[in-house]
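Some words used for a protein model rest on a cut-off, and a reader new to it may wish to see how each word is earned. Please look through the sequence and the model first.

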Amino acid sequence: MEQFAQFSLDGQRMYGMLHTPDADAPAQGWPSVVFVHGYTGNRIDHHRLLVLMSRLLAMRGIASLRFDCRGSGDSQGDFSEMTVMREVEDVAAAADYLRDQPGIDPERVMLLGYSMGGMVAALAAGTVQPHRLLLWAPALPELWLPLLRGGVLPATITDVDGWPLGRAFLQEMPRLRPLEAAAAWGGVAHVIHGDADTVCPPEWGVRYATALGCDAAAIPGGTHNFTSLETTEMLYAETLRFLSGG
């Protein structure tokens, strides 16, 4: 089953899609996953990666919530207000919403973060305390530091391909410590990245895995967006293996 979801934070409404298995919930409720999309992304993401992943999970008896962070997709707010730590708050609100849904096991809510969403998920893990944490092609702050142009903050908005990137986003970036947050969390985790990723290099995935004390799986030929049918299929298979408890 698929149904629209909505919840609010600081007076701004976030919209998403809740996927549940097409069967009666077990006595303890279904395990579930909160998806965290990437920078300038949304609850659908590149070639419907998150939509199709949610449907595969539902077939395996795992519920999921795909949602747009504030300022992205259909959710309220402006992109210029977006910061990583603001999205950490969005993820915590999404997890609270999911835990309150009928048929959901509140003790088995997991996080799956993609690209910048992987960094957000790692930073949110200490607050959300997910049952499991999965990172796809996770980003590090280094990706955005070139926008500081020699360490100087822009006065107002930076036009990045038509996206109004706020000053607060860049101001916060050098202070973020996602690897330290990952190391402090200490739960069950896994990292998946493409070995042909030129946006978030495979070494970043290895650094996250080292901090988390877990394995990193490299998808042969996988780009940052896993832009082939073969690499997408491998990504999904590895994701299902981990989130199903394998």
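The questions below concern this predicted model and take up its sheet, one residue of a strand, its aromatic rings and two loop residues.

Q: In what order do the eight strands of the open sheet stand, and is the pairing mixed or not?
A: The order is E1-E2-E4-E3-E5-E6-E9-E10, and the pairing within this open sheet of eight strands is mixed.

Q: Why are E1 and E10 said to stand at the edges?
A: Strand E1, residues 2–9, and strand E10, residues 216–219, each have a single partner strand, so one side of each is left without a neighbour in the sheet. Between neighbouring strands of this sheet the average turn is 25 degrees, with direction ignored.

Q: How do you know that E5 and E6 pair?
A: Two strands pair if at least two bridges are found between them, and strand E5 (residues 104–114) and strand E6 (residues 133–136) are joined by four bridges in the parallel sense. Within this region, Tyr114 has Trp136 of E6 as its bridge partner.

Q: Which helix lies across E1 and E5, and at what angle to E1 does it run?
A: Helix H2, residues 84–99, lies across E1, E2, E3, E4 and E5, and runs at about 125 degrees to E1.

Q: Why is Asp105 called buried?
A: Asp105, whose place is in strand E5, has a relative accessible area of 9%, and buried means under 20%, so Asp105 is called buried.

Q: What makes the approach of Asp105 to Arg108 a polar contact?
A: The side chains of Asp105 and Arg108 are joined at 2.7 Å, where the cut-off for such a pair of N or O atoms is within 3.5 Å. A polar atom of the Asp105 side chain also lies 2.9 Å from the backbone nitrogen of Glu107. Leaving aside residues up to four places away in sequence, Asp105 touches Gln28, Gly29 and Trp30.

Q: How many aromatic pairs are counted?
A: The count comes to eight aromatic pairs.

Q: Why is the pair of Phe79 and Trp163 called tilted?
A: The ring centres of Phe79 and Trp163 are 4.6 Å apart, and centres within 6.5 Å make a pair. Planes under 30 degrees apart count as stacked and those over 60 as edge-to-face, whereas the planes here stand at 55 degrees, so the pair is tilted. Phe79 lies in the loop between E4 and H2 and Trp163 lies in strand E8, so the pair ties together parts that are 84 residues apart in sequence. Both rings belong to one aromatic cluster, formed by Tyr39, Phe79, Trp144, Trp163 and Phe169.

Q: Why does Phe79 count as buried, and why does Trp163 count as partly exposed?
A: Phe79 has 5% relative accessibility, under the 20% limit, so Phe79 counts as buried. Trp163 has 30%, which falls between 20% and 50%, so Trp163 counts as partly exposed.

Q: What makes the charged end of Arg132 sit over the ring of Phe242?
A: The distance from the charged end of Arg132 to the centre of the Phe242 ring is 4.9 Å, where the distance limit is within 6 Å.

Q: What is the phi of Thr40, and what is the phi of Asp45?
A: Thr40 has a positive phi of about 65 degrees although it is not a glycine, and Asp45 likewise has a positive phi, near 65 degrees. Most residues other than glycine have a negative phi.

Q: Is Asp45 buried or exposed?
A: Asp45, in the loop between E3 and H1, counts as buried because its relative accessibility is 17%.

Key
Residues numbered from 1 in each chain as written. Predicted model: local features only at pLDDT ≥ 70, side-chain atom pairs only at ≥ 80, totals over all residues. Heavy atoms only, no water. Helix = DSSP H or I, 4+ residues; strand = E, 2+ residues; numbered from the N terminus. Axes fitted to C-alpha atoms, helices over the stretch in contact; angles between N-to-C directions. Contact = heavy atoms within 4.5 Å. Buried < 20%, exposed > 50% of the residue type's maximum accessible area, 1.4 Å probe, protein only. Polar contact = N/O pair within 3.5 Å; in protein donor to acceptor, adjacent residues only side chain to side chain. Phe/Tyr/Trp six-rings, centres within 6.5 Å; stacked < 30°, edge-to-face > 60°. Lys NZ or Arg CZ within 6 Å of the ring centre and 35° of its normal.
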